[in-house]
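Work through these exercises with the sequence and the 3D view side by side. Each task comes with a solution in steps.

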Amino acid sequence: MWLHSLTVGEARVTSLSDGFLRLDGGAMFGVVPKNLWSKLHAPDEQNRVALRINPLLIQLGGKNVLVETGMWDRGGEKFEAIYGVERDTTVFDGLRAMGLAPSDIDLVINTHLHFDHAGRNTTALGRPTFERARYVVQAQELHDALHPHDRARASYIPEIFEPLAEAGVFEIVEGEAELLAGLSVLPLPGHNLGQQGVVLRSEGQTLVCTADLMPTLAHAPYPYVMGYDLYPVTCVDVRQTYFPRWAEEGAIIAPPHDPRIPFAKFEANPKGGYVARPLH
Ligand SMILES: [Zn+2]
């Protein structure tokens, strides 16, 4: 089972998994030529690359925080076939292995509301899956999910967020916000306007959940942004702002979709920018 834990100061951070989805390799790597990206992620016969869905459990100060809830699982056969969904494990299996039930989660952080990140937000009855939790989302993202542009509509499934918005379950934040001592959300626009990352700082150590600003380790070079990104130039600008800071700080990086590696650190690339080196 995919279950990788480490400590960050006083916190324990565990990479969980909700299985795989498969997306077009060309769309995942934007303007990067196939003869380069296919060496990093081998495509299947449909030109798709396998991506893991990696929610994070952060245990800090007696609280259980779940960053992202996993992959939508009520899309039916056609949906599952299009996205090559494979569930070798689920976020619930991972929590159970950690001795936790969904009702033990105190705080859910939705980096954004796309179906491969917030897919387990609700039950089939439209109730919050994590019944005691506050769900933290950026105001911009909730607005854009409720009023999607046609370019982004396929990523937003109303059952994932509408019932929570109606029930007042969301804790809506604008910009950077500290949720617990040492645990903050940070706007990381570009993939869309309202995406947020998560930054954990404890006893001199730092961990960053990049959300789709850097979906896999192979996406570390500045221009390796996705065709899916709504604002690709903004992505590059935001990367150029934060990657040097995170590298300097020695931050542990947790990408949300790497198929093999849960945690990495940036290392300067002699040719410029950074490469992401696996920690495990
Ligand atoms: Zn994603």
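**Exercise 1. Find the strands that helix α5 lies across, and give its angle to β8.**

Solution. Start at helix α5, residues 139-146. It lies across β8 (134-138) and β9. Contact here means heavy atoms within 4.5 Å. Helix α5 runs at about 85 degrees to β8. Axes are lines fitted to C-alpha atoms, for helices over the stretch in contact, and angles run from 0 to 180 degrees between N-to-C directions. Helices (H or I, at least four residues) and strands (E, at least two) are DSSP runs, numbered from the N terminus.

This is a predicted model, in which local features need pLDDT of at least 70 and side-chain atom pairs count only at pLDDT 80 or more, while totals for chains, interfaces and linings use all residues. Residues are numbered from 1 along each chain as its sequence is written, and side-chain values use heavy atoms, with hydrogens and water left out.

**Exercise 2. Place β9 in its sheet and state the strand order.**

Solution. Step one: β9 belongs to an open sheet of seven strands, ordered β1-β2-β5-β6-β7-β8-β9, with mixed pairing. Two strands pair if DSSP finds at least two bridges between them. Step two: look at the edges. β1 and β9 (170-173) each have a single partner strand, so one side of each lacks a neighbour in the sheet. Step three: take the twist. Neighbouring strands here are turned by 25 degrees against each other on average, direction ignored.

**Exercise 3. Trace the pairing of β1, β2 and β5.**

Solution. β1 and β2 pair antiparallel over five bridges. Ser5 has Thr14 in β2 as its bridge partner. Two residues separate the strands of this hairpin, where Gly9 takes a positive phi near 60 degrees. Next, β2 pairs with strand β5 (residues 56-60), antiparallel again, over four bridges. There Ser15 has Leu56 as its bridge partner. Now check β2 itself (residues 11-15): four of its five residues are buried, so the strand is largely enclosed by the rest of the structure. Buried means under 20% relative accessible area, exposed over 50%, partly exposed in between (1.4 Å probe, protein chains only).

**Exercise 4. In which sense do β6 and β7 run, and what follows β6?**

Solution. β6 (residues 63-67) and β7 (residues 107-109) run parallel, joined by three bridges. Val65 stands opposite Leu107 in β7. Glu68 is in the loop between β6 and α3 (76-82). Glu68 has a positive phi of about 75 degrees, although it is not a glycine. Its relative accessible area is 3%, so Glu68 counts as buried.

**Exercise 5. Describe the surroundings of Val8.**

Solution. Val8 sits in strand β1 (residues 4-8). It is buried, at a relative accessible area of 0%. Leave aside neighbours within four places in sequence. Val8 then contacts Val13, Leu200, Ser202, Gln205, Thr206, Leu207 and Ile252.

**Exercise 6. Follow Ile252 into the other part of the chain and build the sheet there.**

Solution. Ile252 has Lys265 in β15 as its bridge partner. Two bridges join β14 (residues 252-254) to β15 (residues 264-268), and these strands run antiparallel. Lys265 also has a bridge partner in β16, Arg277. Five bridges join β15 to β16, antiparallel. The two form a hairpin with five residues between them, and Gly272 in the turn has a positive phi of about 115 degrees. The full sheet is open, with seven strands in the order β10-β11-β12-β13-β14-β15-β16 and mixed pairing. At its edges stand β10 (177-180) and β16 (274-278), each with a single partner strand, so one side of each is left without a neighbour in the sheet. The twist averages 30 degrees from one strand to the next.

**Exercise 7. Which residues are closest to the centre of the largest pocket?**

Solution. They are Leu23, His114, Phe115, Ser155 and Tyr228, out of 21 lining residues. Strand β3 (residues 20-24) gives the largest share of the lining, four residues. For His114, add one distance: Arg153 is 39 residues away in sequence and 9.5 Å away in space, C-alpha to C-alpha. A pocket is an open set of points on a 1 Å grid over the protein atoms alone, where a 1.4 Å probe fits, with protein on both sides within 12 Å along at least five of seven lines; lining residues have an atom within 4 Å of a point.
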